[in-house]
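Let's walk through this structure together, one region at a time. Keep the model open beside the text and turn it as you read.

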Amino acid sequence: AVVSTQSTGGSLHVILVITPSPPLCPSLSTPLLMGHGEEPSGARAFLAGGVGGVAFLIAGQPFDTIKVRMQNQAKGTLYRSSVDCLYKTVSREGVRALFKGMSTPLAACIPSYALYFMGHDHAIALQQKLLGRQEMSLWNHGVAGVTGGVYMVTILGPGERIKCLLQMQTGRGKGKYSGPIDVIRKTYREGGVRQLVRGTLVTGMRDVPGSGLFFMLYEWILREHGDAPATVAVAGGLSGILMWFVGVPPDVVKTRYQTAPQGKYTSSLQIVPELYRSEGFRAFYKGFGPSGIRAFLANGVCFLTYDMVIKMWERLWPLTGVEMSSSTY
């Protein structure tokens, strides 16, 4: 804010000019500030990230179910392709089967994606403070993305374990688990907390490096092509495909590890040579078709929703003011 005084004709004029803050979203180049007071930016990123996470889940859940079933089968034993898996799943179990296990990620995605965006925001703010500058490079956004991935996995790992167990229940009859709570209860009874968090580390191997690449590509596209809503959606979608191209091999291992009977594997690393010997390198990209479609649609919707929430918040609690008219005393 700039305050100036001017005296004319015996009257004192006070002019208050509030200078605008730098542009914020969707480029995520600077940490977000609350509209009033000095509250940390993470609160708004947390809220918008949670809403974006719900949008991500709704758009991507059917493709995720197909992906999990394709990844968990031995070579060609159940489904010839992703399309065949989709057809058999819907014809045998109905459309609702595509949304199996959705309640668990729905409960987990709100805090996990909220933490994801908040982690990115915190990392950007910290780097700006340490480097003494506001402008962030693509590398800085990659570091922030990795940080956001670490934040997210703390919740997403156990949620993925529960979701995969529910998604692997095929047929219309009653399965082993009646729902997420039943999964938690029975899994805890079988092996305690270690069984509930099984596969969290390999979930991190899937999400953390890919998140760094995600934010680097996302930021580059916005810098080159602007921040119109369509650009935001396309940038989120293409970045999601890149993230999943890197993340599918550990995701295949994660799915096998999290759905295997207790005691079959003592480590997720045991799956890698076994899978390669039995099915070859292509096995590590099982389910990439539905994963790629899901990544583009779900991430595009997620980032567009995030951007819309941020802009709505800015309209309700604007960061900038307008030049105020002078008052005469």
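**Bends, bridges and a cavity**

At V153, helix α4 bends by about 45°. That is a good place to begin in this predicted model, and the ends of α4 are worth a look too. α4 has 30 residues, and a straight helix at 1.5 Å a residue would reach 44 Å. The end C-alpha atoms of α4, however, are only 37 Å apart. On α4 you will also find A144, which counts as buried because its relative accessibility is 0%, against a cut-off of under 20%. The C-alpha atom of A144 is 9.3 Å from that of F117, with the two positions 27 residues apart in sequence.

Now step back to the chain as a whole. The chain holds 10 helices and three strands. Followed along the sequence, they come in the pattern β-β-α-α-α-α-α-α-α-α-α-α-β. The chain has 329 residues, and 49% of them count as buried.

Helix α7 makes a useful companion to α4. A kink of about 30° is centred on S211 in α7. What span should the 26 residues of α7 have at 1.5 Å a residue? The expected value is 38 Å, and the end C-alpha atoms of α7 are 36 Å apart, which agrees. After α7 comes G226, with a positive phi near 85°.

Next, the charged side chains. Side chains of opposite charge can pair when their charged atoms come close. In this model the count comes to 16 salt bridges, and three of them are described here.

Begin with D84 and K88, whose side chains meet in a salt bridge with an N to O distance of 3.2 Å. How many residues apart are D84 and K88 in helix α2? They are four residues apart in α2, which covers residues 82-93, so about one helical turn separates them. Are these partners buried or exposed? D84 is buried, at a relative accessible area of 8%, and K88 is buried as well, at 17%.

The salt bridge between R223 and E135 has a different setting to explore. The side chains of R223 and E135 meet at 3.9 Å, N to O. R223 belongs to helix α7 (residues 200-225), while E135 sits in the loop between α3 (103-131) and α4 (138-167), so this pair ties together parts that are 88 residues apart in sequence. R223 counts as partly exposed, at 37% relative accessibility, whereas E135 counts as exposed, at 52%.

The third salt bridge joins D207 to R206, and the closest N and O atoms of this pair are 2.7 Å apart. Which residues belong to the network formed by salt bridges that share partners? D64, K67, E160, R206, D207, D251, K254 and R294 are joined into one network in this way. Of the D207 and R206 pair, D207 is buried, with a relative accessible area of 3%, and R206 is buried too, at 5%.

R206 is also a way into the interior. The model has two cavities of 30 Å³ or more, and the largest cavity holds about 290 Å³ of space. The lining of the largest cavity is made by 23 residues, and those nearest its centre are F56, Y113, L156, R206 and R294. Which elements give two or more residues to this lining? They are α1 (42-72), α3, α4, α7, α8 (229-259) and α10 (288-316). α1 supplies the largest share, with six residues. By type, the lining of the largest cavity divides into 13 nonpolar, three polar and seven charged residues. R206 and R294 thus appear twice in this tour: they belong to the salt-bridge network, and they lie among the residues nearest the centre of the largest cavity.

One last stop is M243, which you can find in helix α8. M243 is buried, with a relative accessible area of 9%. From M243 you can return to R206: the two are 37 residues apart along the chain, and their C-alpha atoms are separated by 8.7 Å.

Conventions:
Residues are numbered from 1 along each chain as its sequence is written. This is a predicted model: local features need pLDDT of at least 70, side-chain atom pairs count only at pLDDT 80 or more; totals for chains, interfaces and linings use all residues. Side-chain values use heavy atoms; hydrogens and water are left out. A salt bridge is a side-chain nitrogen of Lys or Arg within 4 Å of a carboxyl oxygen of Asp or Glu. Buried means under 20% relative accessible area, exposed over 50%, partly exposed in between (1.4 Å probe, protein chains only). On a 1 Å grid over the protein atoms alone, a cavity is a set of points where a 1.4 Å probe fits but cannot get out, and a pocket is an open set with protein on both sides within 12 Å along at least five of seven lines; lining residues have an atom within 4 Å of a point. Grid points are joined across faces, edges and corners, and a volume is the space filled by probe spheres set on the points. Ala, Val, Leu, Ile, Met, Phe, Trp, Tyr, Cys and Pro count as nonpolar, Asp, Glu, Lys and Arg as charged, and the others, Gly among them, as polar. The expected span of a helix is 1.5 Å times one less than its number of residues. The bend at a residue is the angle between axes fitted to the seven residues ending there and the seven starting there.
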